[in-house]
Amino acid sequence: MIQFGTGGWRAIIGEEFTKENIQKLALAISLKMKKEGVDGQGIAAGYDRRFLSKEAVIWACEIFAEQGIKVLFVNRSSPTPLIMYYVMQHQLAYGMMITASHNPAIYNGVKVFTYGGRDADEQQTQDIENYLREAEKLYTCNDEEKGQMPPPSYLQSVKKGMVVEINPLNEYLDNIIRVIDMDAIRSRDLRVAIDPMFGVSLTALNTILSIARCSIETINSEHDTLFGGKMPAPTERTLRNLQNYVLDKYCDIGIATDGDADRLGVIDDMGHFLHPNEILVMLYYYLLKYKGWRGPVVRNIATTHMLDKVAESFGQTCYEVPVGFKHISAKMQETGAIIGGESSGGLTVKGHIHGKDGIYAAALLVEMIAVSGKKPSEIAADIRREYGSIHMVERDYRFTPEEKERIHRILMIDRNLPEIPVETECVSYLDGCKLYFKNGGWIIARFSGTEPLLRIFCEMKHEDEAVKICGIFEEFLGL
């Protein structure tokens, strides 16, 4: 029942996200830690504001304690990057976060982190899934009458010192403040609108920006497990209220983060939604031109090729990897890249954690405005003048299991392709099916690793070209 995707394990609450499955997963992780001889280090754990998130950590704590593994428990709703930072900074072998990130409110899930604060890679998650088979047997055989392992209560675990409640927020924030040019921000008297989307970023962002003497306006900050009836994903559709707020309050920038604060969305000073591709390009451009950094950039296979143009203009390289931030962080470490990111809004910068961090990215964007002396709309205009414009069209499709099998066979097994009126340079099956066109454009169709969706991305010089090619793929696949 428990299967990991590109962003951890996510499931519908009450169907697969249950106390039993949470405790079986904790037991599987415990068995893996013991086998690797790292159980003495303990495990860091945190949770977001979703329904049953805190309870799920407590259920997991009971199992870890019963297995003799100490839990360093951040007992307050926290950003995912905070847990990743703690695992990295304290050199722990494992950490876990109860969150379903940007999924709808009916979902919850678990992200597992490994040494260095990295997202668990495919081998690690496959190992956990294998240990789940053993955990299944142990969980059901220790108490045949109840059908579950009877762990000690949470409070007993705290009293015995097997669960230690911690709050590492200050050390995480201090790490960000040290690398951000706070003096430059203080000199600008910036007004920033924050939309945590009912998630966990407000305290962190408020603290950083207040220290930098920004004026802060906030919406959607209360605790709402239904996320205001919307997905806690910072998209153009979900950030319309923030767009109006930025204009009404004359803000220099509007910043939103997803449910667990590892991704962000941005509204510029003119009230325009900046696509995550634009944010990533702007920050890479800023690091190269204004901060004088040099180094490659890493993007996933469904992220803008504008990064390739920027990299080439500064004599640098852009590397392409499959979807999943673990691939980005691994390639960054391998190549010494200074930034890496994806079109869904996640990015990281060299010298910080090895995973997505919407809070750090937000602070860097505010620094960009202060240091450059330009508004976000002006920086975006500079980039368009220098590199031209390209347009991406994104479409999502839901499907039945039978339809998924049919589409998978067409694209990935039979490798059939539609006739497209643009000359194709090559085709990649690295992650889904991606066609690279000789004119620099491309299209990819792939199944999401976090939601039951088929995703099609197409990037071309003109938007109508991208729309047309997406339509050809839709018709070909019978969508």
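A residue counts as buried here when its relative accessible area is under 20%. Keep that cut-off in mind as we walk through this predicted model, because burial will come up in strands, helices and loops alike.

Let's start with strand S3, residues 71–74. Its side chains alternate: Val71 and Phe73 point one way, while Leu72 and Val74 point the other way, and all of these residues are buried. S3 has partners that you can trace on the structure. Strand S2, residues 43–47, runs parallel to S3 and is joined to it by three bridges. If you want a landmark for that pairing, look at Ala45, whose bridge partner in S3 is Phe73. Strand S7, residues 163–166, also runs parallel to S3, this time with four bridges. Here Val71 is a handy marker, with Val163 as its bridge partner in S7.

How does the chain get from S2 to S3? Helix H2, residues 53–66, completes the unit with these two strands, and the β-α-β arrangement is right-handed. On the way into that helix, pause at Leu52, which sits in the loop between S2 and H2. Its phi is near 70°, a positive value in a residue other than glycine.

Phe73 deserves a second look, this time for its ring. Together with Tyr47 and Tyr154, Phe73 belongs to a cluster linked by ring pairs. Across the whole structure there are seven aromatic pairs. For your own analysis of such pairs, the distance of the centres and the angle of the planes are the descriptors.

Next come two helices that pack against each other. Helix H6 spans residues 169–179, and its buried residues are Leu169, Tyr172, Leu173, Asn175, Ile176 and Ile177. These residues pack against helix H3 (80–89), helix H7 (182–186), helix H8 (202–211) and helix H13 (358–372). Now turn to H8, where Leu202, Ala204, Leu205, Ile208 and Leu209 are buried. Viewed down the axis of H8, the buried residues fall within an arc of 165°, so they line one face of the helix. That set of residues packs against H6, H7, strand S8, strand S9 (215–218), strand S10 (253–257) and H13.

Both sides of H8 offer something for a reader who likes backbone torsions. Met197 lies in the loop between S8 (191–195) and H8, and its phi is near 55°, again positive in a residue other than glycine. Is Met197 buried or exposed? With a relative accessible area of 5%, Met197 falls under the 20% cut-off and is therefore buried. After H8 comes Arg213, whose phi is also positive, near 65°.

S8, S9 and S10 bring us to an open sheet of five strands, ordered S9-S8-S10-S11-S12, with mixed pairing. Which strands stand at the edges? They are S9 and strand S12 (273–274); each has a single partner strand, so one side of each is left without a neighbour in the sheet. Within the sheet, S10 and strand S11 (residues 264–267) pair in the antiparallel sense over four bridges. Thr257 stands opposite Leu264 in S11.

Leading into S10 is the loop from helix H9 (240–248), and Cys251 is found in this loop. Cys251 counts as buried, at 4% relative accessibility. Leaving aside neighbours within four places in sequence, Cys251 is in contact with Arg191, Val192, Ala193, Glu217, Tyr245, Val246 and Asp269. Met270 is 19 residues away from Cys251 in sequence, yet their C-alpha atoms are 9.0 Å apart in space.

Further along, strands S13 (residues 297–300) and S14 (residues 318–321) pair in the parallel sense over four bridges. The bridge partner of Arg299 in S14 is Glu320. Between the two strands the chain passes through helix H11, residues 306–313, in a right-handed β-α-β crossover.

To finish, here are two places where a lysine meets an aromatic ring. Lys404 lies over the face of Phe447, at 5.3 Å from the ring centre. Lys434 lies over the face of Trp442, at 4.3 Å from the ring centre.

Terms used:
Residues numbered from 1 in each chain as written. Predicted model: local features only at pLDDT ≥ 70, side-chain atom pairs only at ≥ 80, totals over all residues. Heavy atoms only, no water. Buried < 20%, exposed > 50% of the residue type's maximum accessible area, 1.4 Å probe, protein only. Contact = heavy atoms within 4.5 Å. Pairing = 2+ DSSP bridges. Right-handed = clockwise from strand over helix to strand, strands pointing away. Arc of directions from axis to C-beta. Phe/Tyr/Trp six-rings, centres within 6.5 Å; stacked < 30°, edge-to-face > 60°. Lys NZ or Arg CZ within 6 Å of the ring centre and 35° of its normal.
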